[in-house]
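Thanks for coming. I will put the structure on the screen and then walk through a few parts of it.

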Amino acid sequence: MSTRRPAWLIEPRGLIDYDTANAAMHSLARQRLAEEIPDCVIVLEHPPVFTAGRRATEDELLWDEATVTARGGAVRTIDRGGSFTFHGPGQLVVYPILGLGSRPDAAAHLRRLEEVAIRTCADLDVEVERRADVQTGVWSGDEKICAIGVRLLRTRVTLHGMALNCDTDLSWFDGIVACGLPEHGVTSLTRLLGRDVPIHEVRPIATHHVSDVFDLAFADAPDEIARAFAAAAVA
């Protein structure tokens, strides 16, 4: 008999509006805190958006609003840790909404997210690493392939998560000082492998490793929750 914790898996297809997904994620976290629902993991892809965490500064946004808008993007200030990052097509985003129990360990949660990305990349024959000397996240040399930023709701339930660049248009990162690190770059699975690595190739691999690393047994989320995310698809 499996001893894994039950968890809902939410995997909407298409590009999911950031504001709608962010609001839904926070709603699920509040319900998880109240123990009204089990753990949840949201796996999706966003339209272009720059998000500014709690350590972001105005000068780290290098494009003006008109330029961002002209390119079809948006800028949002959010409640995770970290600085500016980018979400967009070709980037796999994973939001685990997890209860951390009576002895919450935020650092261990971050290490598990890194482990998911490391194992996912390894399955695609890409060697990446942690860089504790630089910053949380997953790296190929001096280039970050996976950004990680989280918040704990009342120190007990996790919000936000990880963003793994698959076949992301990396030119978007020219618009920010990514993760507040001007001396470091970004990369993607496509760039490192020299071939297109689409989301649909990476998604099942990453989801498998989320299940293993966090010791979760996935079941589909109820229809009303899944529909709320699916209705937010913009492409």
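Before the strands, one definition: two strands count as paired if DSSP finds at least two bridges between them. What you see is a predicted model. With that rule in hand, take strand S7, residues 129-131, and strand S8: two bridges join them, and they run antiparallel. The bridge partner of Glu 129 in S8 is Trp 139.

Trp 139 also has a partner in S9, and that is Lys 144. S8 and strand S9, residues 143-153, are antiparallel too, with three bridges between them. The hairpin made by S8 and S9 has two residues between the strands, and in it Gly 141 takes a positive phi near 65°. How enclosed is strand S8 by the rest of the structure? Strand S8 covers residues 135-140, and five of its six residues are buried, so it is largely enclosed.

Now the whole chain. There are six helices and twelve strands in the protein chain. Its radius of gyration is 17 Å, and the globule rule gives 18 Å for 235 residues, so the chain is as compact as a globular protein of that length. The C-alpha trace spans about 50 × 35 × 30 Å along the principal axes. Of the 235 residues, 53% are buried. If you take contacts with a separation of 6 or more, 79% of them are between residues 24 or more positions apart.

Next, a sheet. Strands of a sheet pair through backbone hydrogen bonds, and the sense can be parallel or antiparallel. In this model, three strands form an open sheet with mixed pairing, in the order S4-S3-S5. Strand S4 (75-77) and strand S5 (84-87) are the edge strands, each pairing on one side only. From one strand to the next, the twist averages 25°. Strand S3, residues 49-52, pairs with S4 in the parallel sense over three bridges. One residue pair to look at is Thr 51 with its bridge partner in S4, Arg 76.

On to the helices. Does helix H5 fall short of its expected span or agree with it? Helix H5 runs over residues 199-214, which is 16 residues, and at 1.5 Å a residue it should span 22 Å; the end C-alpha atoms are 21 Å apart, which agrees. Among the buried residues of H5 are Ile 199, Val 202, Arg 203, His 209 and Phe 214. After H5 comes Asp 215, with a positive phi near 60°.

In helix H1, residues 18-33, I would pick out Arg 32. Arg 32 has a relative accessible area of 16%, and buried means under 20%, so Arg 32 counts as buried. Leaving out residues up to four places away in sequence, Arg 32 touches Ile 37, Pro 38, Asp 39, Ile 97, Gly 99 and Val 157.

A word on backbone angles. Most residues other than glycine have a negative phi. Glu 35 is not a glycine, yet its phi is positive, about 60°. Glu 35 sits in the loop between H1 and strand S2 (39-44), and at 64% relative accessibility it counts as exposed. Asp 125 is another non-glycine residue with a positive phi, near 65°. Its place is the loop between helix H3 (106-123) and S7, and Asp 125 is exposed, with a relative accessible area of 70%.

Then the cysteines. A disulfide is a covalent bond between the sulfur atoms of two cysteines. How many disulfides does the model contain? The count comes to zero. Why is Cys 146 not bonded to Cys 121? Cys 121 holds the closest cysteine sulfur to that of Cys 146, but the distance is 7.3 Å, too far for a bond. Cys 146 is buried, at 0% relative accessible area. Cys 40 also counts as buried, with a relative accessibility of 0%.

Last, Asp 220, which lies in strand S12, residues 216-220. Is Asp 220 buried or exposed? Its relative accessibility is 69%, so Asp 220 counts as exposed. Setting aside neighbours within four places in sequence, Asp 220 is in contact with Trp 8 and Leu 9. From Asp 220 to Gly 73 the C-alpha to C-alpha distance is 31 Å, with their positions 147 residues apart in sequence.

That is the set I wanted to show.

Note on methods:
Residues numbered from 1 in each chain as written. Predicted model: local features only at pLDDT ≥ 70, side-chain atom pairs only at ≥ 80, totals over all residues. Heavy atoms only, no water. Helix = DSSP H or I, 4+ residues; strand = E, 2+ residues; numbered from the N terminus. Axes fitted to C-alpha atoms, helices over the stretch in contact; angles between N-to-C directions. Expected span 1.5 Å × (residues − 1). Buried < 20%, exposed > 50% of the residue type's maximum accessible area, 1.4 Å probe, protein only. Disulfide = S-S within 2.5 Å. Rg over C-alpha atoms; globule rule 2.2 N^0.38 Å. Contact = heavy atoms within 4.5 Å.
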